[in-house]
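Trainee: I'm new to this one and would love a close look at a single part of it. Could you walk me through it slowly?

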Amino acid sequence: KFHKPLCSDKMDKVDDLSAFGEAAPYLRKRPEQLKAMQNVPFDCKKKVWVPDKKEVYIEAEIKERNSGKIVVETVAGQKLTLKEGDAQEMNPPKFRLIEDMAMLTHLNEASVLHNLRQRYANWLIYTYSGLFCVSVNPYKWLPVYTPAVVIAYKRKRKGDAPPHIYCMADNAYFDMLSRILQATVSNVDEQSGKCNSETQPGFDTKT
């Protein structure tokens, strides 16, 4: 007897993280915490990311526009003049700490790096990017690999629970039982401490 694929199960998004125990703060912020981070003033016509030697990209505000060039002031107080095409659009605050970067309005390099950096600063080391699950090495032990966490992710679809490699593995396992061909790829960068895993669904092998 084969299990039905997860995509056919009706599940509600997990808002109560009590089942994750001590791992909860390292998987998803509480609603009131996210609200405080996201409910801030924002001008989409002025806020941009600009290249920075130290930070790679830094937040800036457009002060002037003239003949394809812009004058910006960075959050560090530095004024720069650069080509308009060298600036990258910034996402509204409602996307802060987003769990799946494929949902970003502006899916550019600066926004991806910023989201990963902000999640890492909050000890949220797992982030989805479409089919991928990106992990940034915290260089410390986090209680996110306990038996309780394994059980909490059982039969949870991506999006129903916070990002985690256990969710990817559980989805792949039950899809395999459903005779849905799977290919799971893990890529680890030892120097940067980052890795990503991808689960690529194939075709039902039933004839």
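Trainee: Let's take helix 2: which strands do the buried residues of helix 2 pack against?

Mentor: Happy to dig in, and keep in mind that this is a predicted model. The buried residues of helix 2 pack against strand 1 (47–52), strand 2, strand 5, strand 6 (126–129) and strand 7 (132–136). The residues of helix 2 that are buried include A110, S111, N115, L116 and R119. To see how such a set can come about, recall a general rule: an α-helix has 3.6 residues a turn, so residues three or four places apart point the same way.

Now the helix itself. Helix 2 is made of 13 residues, and from its first C-alpha to its last it reaches 18 Å. That is close to the 18 Å you'd expect at 1.5 Å a residue. Just after helix 2 comes W123, which takes a positive phi of about 60 degrees.

Let's follow the link to strand 5 next, since a good residue to click on there is Q88. Q88 has a relative accessible area of 17%, so it counts as buried. Its side chain reaches the backbone nitrogen of E109 at 3.4 Å. Setting aside neighbours within four places in sequence, Q88 is in contact with V48, W49, Y57, N108, E109 and A110. One of those, A110, is also on the list of buried residues in helix 2.

The loop leading into the helix deserves a look too. E99 sits in the loop between strand 5 (88–89) and helix 2 (109–121). The side chain of E99 meets that of R28 in a salt bridge, at 2.6 Å from N to O. R28 is in the segment before helix 1 (31–38), 71 residues away from E99, and the pair therefore links distant parts of the chain. Are the two partners buried or exposed? E99 is buried, with a relative accessible area of 17%, and R28 counts as buried at 11% relative accessibility.

Strand 2 is another of the helix's packing partners, so let's go there. E64 has its place in strand 2 (residues 56–66). Leaving out neighbours within four places in sequence, E64 is in contact with K69, I70 and V71. Between E64 and T81 there are 9.1 Å, C-alpha to C-alpha, with the two 17 residues apart in sequence.

R65 is in strand 2 as well, and R65 forms a salt bridge with E84, where the closest N and O atoms are 2.5 Å apart. This pair also links distant parts of the chain: E84 lies in the loop between strand 4 (79–83) and strand 5, 19 residues from R65. Here R65 is partly exposed, with a relative accessible area of 48%, and E84 is partly exposed too, at 37%.

If you want to step back from the helix, the count of salt bridges comes to eight. Among them is the one between the side chains of R157 and D160, at 2.9 Å from N to O. R157 counts as partly exposed at 23% relative accessibility, whereas D160 is buried with a relative accessible area of 6%. There's a network to find as well: K47, E59, E61 and K63 are joined into one by salt bridges that share partners.

Conventions
Residues numbered from 1 in each chain as written. Predicted model: local features only at pLDDT ≥ 70, side-chain atom pairs only at ≥ 80, totals over all residues. Heavy atoms only, no water. Helix = DSSP H or I, 4+ residues; strand = E, 2+ residues; numbered from the N terminus. Contact = heavy atoms within 4.5 Å. Salt bridge = Lys/Arg side-chain N within 4 Å of Asp/Glu carboxyl O. Buried < 20%, exposed > 50% of the residue type's maximum accessible area, 1.4 Å probe, protein only. Polar contact = N/O pair within 3.5 Å; in protein donor to acceptor, adjacent residues only side chain to side chain. Expected span 1.5 Å × (residues − 1).
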